[in-house]
Amino acid sequence: MLMARQVQVSIKSPAEQQAMRVAGRLAADVLDMITPRVVAGVTTGELDRICHDYIVNEQRAIPAPLNYKGFPKSICTSVNHVVCHGIPGERKLRPGDIVNLDVTVIKDGFHGDTSRMFLIGNCSVQARRLSSVAFDSMWLGIRQVAAGHKLGDVGNAIQQNVESHGYSIVREYCGHGIGRVFHEDPQVLHYGEKDTGLVLEAGMTFTVEPMVNAGRRHVKLLADGWTVVTKDHSLTAQWEHTVLVTPEGFEVLTLGSADRAAP
Ligand code: MF3
Ligand code: CO
Ligand code: CO
């Protein structure tokens, strides 16, 4: 007999849900703000600095990654074959690059966590398709979220879509519960079996953030202790939202202004 790991999943009160909405909105605002600056010639370090200053000085919030378990910067910048947790630095973005910017802010004690892909200049068809499949997969996963549904349905929807395109899902990193704590239970796997796993309840908040590789799923951690790359150096893409479980379904807390606008 194997005992299931005891998962303690926090249920956010209405007031806590409101605080999560505020934090989620701020994280999305940072990505909206930085979007016009994500162009060929800019360094990832410059993007980090602009985001840091905006979060601290304009939003009066805290960039959660800074000093988190020793992470040295305020956002993650993951270019081309970097899966996640890329450290901003001297690397200049070049036409043809694809880059994920991952922003997490803390406002009034609560976290909002979101990431998007940016395509620099004219990218290959393969790069654009990879980013678009990762985006669709995230949304297919999110659309499975509702009170009474199971977490395995989320992972299964993502995995099915990714594999149907001949791509692979990273298994070593997953989505996570989020609230006063950056990474809390549950673990949100981006693969799995339907009708298995945690039963969702209204008031849970977690991220959905599939990492999709063009090649094989295996990853390698670089010697800096943070940068995760594809083992076969294939391209990789990721999108992330923070989601609230509602009685009827879900509420995405990190929509950008374009997605919040009335149709
Ligand atoms: N934002 C990442 C996530 O989606 C975590 C970054 S942790 C850091 O969970 F330390 F690398 F910043
Ligand atoms: Co993130
Ligand atoms: Co996250």
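**The cobalt sites and their surroundings**

The six donor atoms around the cobalt ion (ligand 3) subtend angles of 51 to 160°, and the arrangement is therefore irregular. To count as octahedral, six donors would need opposite donors over 155 degrees apart and all others between 65 and 115. This description, like those that follow, refers to a predicted model. The protein residues that coordinate the cobalt ion (ligand 3) are Asp113 (OD), His176 (NE2), Glu209 (OE) and Glu240 (OE), at 2.0 to 2.2 Å. Along the sequence, these donor residues follow the spacing D-x62-H-x32-E-x30-E. Two of the donors link distant parts of the chain: glutamate 209 belongs to the loop between β9 (205–208) and β10 (211–213), whereas glutamate 240 belongs to the loop between β13 and β14, 31 residues apart. Glutamate 209 and glutamate 240 are both buried.

A second metal ion is also present in the model. Aspartate 113 bridges the cobalt ion (ligand 3) and the cobalt ion (ligand 2), and the two ions lie 3.3 Å apart. The cobalt ion (ligand 2) is coordinated at 2.1 to 2.4 Å by two OD contacts from Asp102, together with Asp113 (OD) and Glu240 (OE). Its donor residues are spaced D-x10-D-x126-E in sequence. Here, too, there are six donor atoms; they subtend angles of 58 to 168°, so the arrangement around the cobalt ion (ligand 2) is irregular. Because aspartate 102 lies in strand β4 (residues 98–107) and glutamate 240 in the loop between β13 (236–238) and β14 (241–245), this pair ties together parts that are 138 residues apart in sequence. Aspartate 102 counts as buried because its relative accessibility is 11%, and a residue is buried when under 20% of its relative area is accessible. Glutamate 240, at 1% relative accessibility, therefore counts as buried as well.

Several of the metal-coordinating residues also recur around ligand 1. This ligand is surrounded by 14 residues, of which the closest are Pro65, His176, His183, Glu209 and Glu240. Three polar contacts to ligand 1 may be described. In one of them, a polar side-chain atom of histidine 183 lies 2.7 Å from an oxygen atom of the ligand. In another, a polar side-chain atom of glutamate 209 lies 2.8 Å from an oxygen atom of ligand 1. For glutamate 240, the corresponding separation between a polar side-chain atom and an oxygen atom of ligand 1 is 3.0 Å. Glutamate 240 thus coordinates the cobalt ion (ligand 2), coordinates the cobalt ion (ligand 3), and lies among the closest residues to ligand 1.

The strand that carries aspartate 102 is part of a hairpin. β4 pairs with β5 in the antiparallel sense over ten bridges. Within this pairing, valine 103 stands opposite threonine 114 of β5. Two residues separate the strands of the hairpin, and aspartate 108 takes a positive phi near 50° there. Strand β5 (residues 110–119) is mostly covered, with nine of its ten residues buried. In a regular strand, side chains alternate between the two faces of the sheet.

Another part of the model contains an open sheet. Three strands form this sheet in the order β3-β12-β11, with antiparallel pairing. β3 (82–84) and β11 (219–221) are the edge strands, as each pairs on one side only. On average, neighbouring strands of the sheet are turned by 40° against each other, direction ignored. The antiparallel pairing of β3 with strand β12 (residues 228–230) extends over two bridges. Cysteine 84 has valine 228 of β12 as its bridge partner. Threonine 230 is also found in β12. With a relative accessible area of 0%, threonine 230 is buried, and its side chain reaches the backbone oxygen of serine 234 at 2.7 Å.

A further contact involves the segment before α1 (14–34), where isoleucine 11 is placed. Isoleucine 11 is partly exposed, with a relative accessible area of 40%. Although isoleucine 11 and alanine 202 are 191 residues apart in sequence, their C-alpha atoms are 7.4 Å apart in space.

How values were computed. Residues are numbered from 1 along each chain as its sequence is written. Chains are lettered from A and ligands numbered from 1 in the order in which they are written. This is a predicted model: local features need pLDDT of at least 70, side-chain atom pairs count only at pLDDT 80 or more; totals for chains, interfaces and linings use all residues. Side-chain values use heavy atoms; hydrogens and water are left out. Two strands pair if DSSP finds at least two bridges between them. Helices (H or I, at least four residues) and strands (E, at least two) are DSSP runs, numbered from the N terminus. Axes are lines fitted to C-alpha atoms, for helices over the stretch in contact, and angles run from 0 to 180 degrees between N-to-C directions. Donors are N, O and S atoms within 2.8 Å of the metal (3.2 Å for Na, K and Ca); water is not among the atoms, so sites may look incomplete. Four donors count as tetrahedral if all angles lie between 85 and 135 degrees; four count as square planar and six as octahedral if opposite donors are over 155 degrees apart and all others between 65 and 115; anything else is irregular. Buried means under 20% relative accessible area, exposed over 50%, partly exposed in between (1.4 Å probe, protein chains only). A residue is near a molecule or strand if one of its heavy atoms lies within 4 Å of it. A polar contact is a pair of N or O atoms within 3.5 Å; within protein, one must be able to donate a hydrogen and the other to accept it, and residues adjacent in sequence count only if both atoms are side-chain atoms.
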